[in-house]
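Biologist: I have the sequence and the model open side by side, and I would like to walk through them with you. Could you take my questions as they come?

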Amino acid sequence: MTTTVSGRPAAEDDRPEEPPGDPFDRDVLPTPKGASRALLRSLLAPVRGRVRLAAVLLLLQQAAVQAGPLLVAYAIDSGVPAVRRHDHGPLVAVAAGYLVCALASGLLQMAFVRLAARVGQDALLELRGRIFRHSQALSLDFHERYTSGRLISRATTDVESIRELLNDGLQELIGVALSVLYVSAMLLYLDPATGGAALLSFLPLALLVRSYRRRSLIAHRRRSTAIAAVIVKFTETMNGIRPVQAFRRERANDADFDGLNRVHQRTNTDTALAMAHYVVCSRLVANSMVAAIVVWGSYRVADGSLALGVLAASVLYLRRLYDPIDRLGMFLNTYQSAAASLEKIAGLLARRPSVREPEAPVALPVRPPGRPGREVVFDGVRFAYRAGIEVLPRLDLTLRAGETVAVVGSTGAGKSTLAKLLARFYDPTEGRILLDGVPLSALAGPELRRGVVMVTQEAFLFSGTVAENIAIGRPGASRAEIERAAGAIGAHEFITALPDGYDTDVRKRGGRISAGQRQLVAFARALLADPAVLILDEATSSLDIPGERAVQRAMRTVLRGRTAVVIAHRLSTVEIADRVLVMAGGRVVEDGVPAELARGGGHFAGLHRAWRDSLV
Ligand SMILES: Nc1ncnc2c1ncn2[C@@H]1O[C@H](COP(=O)(O)OP(=O)(O)OP(=O)(O)O)[C@@H](O)[C@H]1O
């Protein structure tokens, strides 16, 4: 079995075309063949013209650089004998030529670097934008499994390694390739025997490069995975800093982080070791070759079959031939790092949203005036998050337009799943969900979001002002509309009491807005959105009595005049509902008017009694 730079078996590192198990357990998602290259091509396509111009600049710059030793040979073999004849012309011409070449090479280099930097930056701007847009468009099931830490790693460290390739790496590669071509041509021109011998030395060097590329790609893949793991741990810990501190998880987290950090350090060392191995071996080959050619050339100069100037120029050219081999190592290092990153980004960009926009969207029928909300039908709906583990076995359910439906049941009963299906965060595995007779899957995104809105438990606030947070419900809403919505919800008073009123930044003065107030802002947002169907995942965290009353009042306002589904955790919420659904094991086991069900002898009656007792 072959072993890798870090001593682990190579087999486990081989490119996972069809990796066993869950692809999300790995950092590299399955990528269609050639996707990395296609991605790079598509990034460079809009700047193709400038890439060509940059290549021409580099071509000319190399020609200026490589003219040096030829001028030296001319100076020794023609200039010096001419000086002996008191003819200074050739030597002056050599000096002038040298100066012109040096100047031209500097200016061309500067023009190239500026152009290449602009090309690289344009391509990266596009790539970062693509990663963001694509990630945002991917469905919830993807985000639940991929994690935001990995996405951050893709958009930062992976993009950064591609930046290095575009900025420095390509210049290195083109520079190396051109100088090898020029130098080989010059050597062959000066002395075909020496040139031929130098070219032969490329054979062991090519083998070295091949082996280095393989080792280094493996090392870089591991390194990029290790960085992502560090970022994932970091973001997860900081996002959950409250439970971390509440449960004194700091020590355990330190230990976990230390472990991941060390893996990262080790993978970094692995990439450096692979590079060092290559550099040492390539220098050994290069130096042995130069020594051999110098000895052989000296004998040829001694027996008169080679001019001294040609030997001197050949040795200068040989040095220039082998110098780029180190630089080639640098380039390969950058390239493999970028290739590993490109592979991961391509894998991410190859994911398609599992919840797709319809190809031929259908509009919702116009609501008759005065009719509140829309009718919702779950038609033979079955659902599994993961293949084989069915969470909703089969659901046939009709929610009448304008009805407020409370959904209750023990934890894991499937309440949130039902709500998320109705909000089309997921598509049913089988069956359809209809809104006034139109399948959700046939509604275009904006139409769906106007039709169905879900307010989640955590009542998330985005960075920005309170007014901006409410306006998310209806972009473009006027300040008066925002204030009216907040007033209807009963949030106006607390908002105006904030230091900058509606213009208070919710993040900067973090924590200033309490849990109950956050919910009120979320309700105001929903009221402004004015959807036909509102889904509300009631917060489980208990508020103080005035806070609770304010939220209850606000809830009544926001639910009025539409079809509403509330995942209820409180008796007071169930009591305002027209209908209650009791769920167990993914099925609706009871369905009726709350007061009637409470009088019966089923699940809900028990739950109702327990609630009442807890209030006494
Ligand atoms: N993202 C997910 N991936 C896989 N399984 C999930 C996912 N979300 C929920 N489940 C599973 O689906 C089942 C129903 O979960 P759901 O969240 O709908 O229950 P719930 O009634 O809303 O519970 P709770 O009141 O605790 O929120 C549970 O067995 C749960 O483990």
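Biologist: Is His-86 buried or exposed?

Modeller: His-86 counts as exposed because it has 6 C-beta neighbours inside 10 Å; here a residue is exposed if 12 or fewer other C-beta atoms lie within 10 Å of its own, buried if 20 or more do, and partly exposed in between, with C-beta atoms placed from the backbone. Before we go on, this is a predicted model, in which local features need pLDDT of at least 70 and side-chain atom pairs count only at pLDDT 80 or more, while totals for chains, interfaces and linings use all residues. Residues are numbered from 1 along each chain as its sequence is written.

Biologist: Where is the place of His-86, and what is its phi?

Modeller: His-86 sits in the loop between helix H2 (48–84) and helix H3 (89–137), where helices (H or I, at least four residues) and strands (E, at least two) are DSSP runs numbered from the N terminus. Its phi is near 60°, a positive value in a residue other than glycine.

Biologist: Which other residue, in the loop between S4 and S5, has a positive phi?

Modeller: That is Asp-436, with phi near 50°, and the hairpin of S4 and S5 in which it lies has two residues between the strands. Asp-436 is partly exposed, with 19 other C-beta atoms within 10 Å.

Biologist: Which sheet do S4 and S5 belong to, and how is it ordered?

Modeller: They belong to an open sheet of four strands in the order S2-S1-S4-S5, with antiparallel pairing; two strands pair if DSSP finds at least two bridges between them. Strand S2 (389–399) and strand S5 (438–439) stand at the edges with a single partner strand each, so one side of each is left without a neighbour in the sheet.

Biologist: How many bridges join the neighbours there?

Modeller: S1 and S2 pair over seven bridges, with Val-376 having Leu-399 of S2 as its bridge partner. S1 and S4 pair over five bridges, and the partner of Arg-382 in S4 is Glu-430. S4 and S5 are joined by two bridges, and Leu-434 has Pro-439 as its partner in S5.

Biologist: And the other sheet, what order does it take?

Modeller: Six strands form an open sheet in the order S6-S7-S8-S3-S9-S10, and here the pairing is mixed. Its edges are strand S6 (452–455) and strand S10 (587–592), each with a single partner strand, so one side of each is left without a neighbour in the sheet. The twist averages 20° from one strand to the next.

Biologist: What packs on that sheet?

Modeller: Helix H11 packs on the sheet and touches S3, S6, S7, S8 and strand S9 (579–584), with its direction making about 150° with that of S8. Helix H16 (residues 515–529) also packs on the sheet, touching S6 and S7, and its direction makes about 175° with that of S6. Contact requires C-beta atoms, placed from the backbone, to lie within 7 Å, and axes are lines fitted to C-alpha atoms, for helices over the stretch in contact, with angles running from 0 to 180 degrees between N-to-C directions.

Biologist: Why is S8 largely enclosed?

Modeller: Five of the five residues of strand S8 (residues 563–567) are buried, so the strand is largely enclosed by the rest of the structure. Thr-563, Val-565 and Ile-567 point one way from S8, while Ala-564 and Val-566 point the other way. On its two partners, S8 pairs in the parallel sense with strand S3 (residues 404–409) over four bridges and with strand S7 (residues 533–537), also in the parallel sense, over five bridges. Ile-567 is the bridge partner of Val-407 and of Asp-537.

Biologist: Changing topic, what surrounds the ligand?

Modeller: The surrounding residues include Glu-144, Tyr-385, Arg-386, Val-391, Lys-415, Ser-416 and Thr-417, where a residue is near a molecule or strand if its C-beta atom, placed from the backbone, lies within 6 Å of it. Strand S1 (376–386) and helix H11 (415–422) each supply at least two residues of the shell, and the largest share, three residues, comes from H11.

Biologist: How many residues of each class does the shell have?

Modeller: The shell has three nonpolar, six polar and three charged residues; Ala, Val, Leu, Ile, Met, Phe, Trp, Tyr, Cys and Pro count as nonpolar, Asp, Glu, Lys and Arg as charged, and the others, Gly among them, as polar.

Conventions: Contact = placed C-beta atoms within 7 Å.
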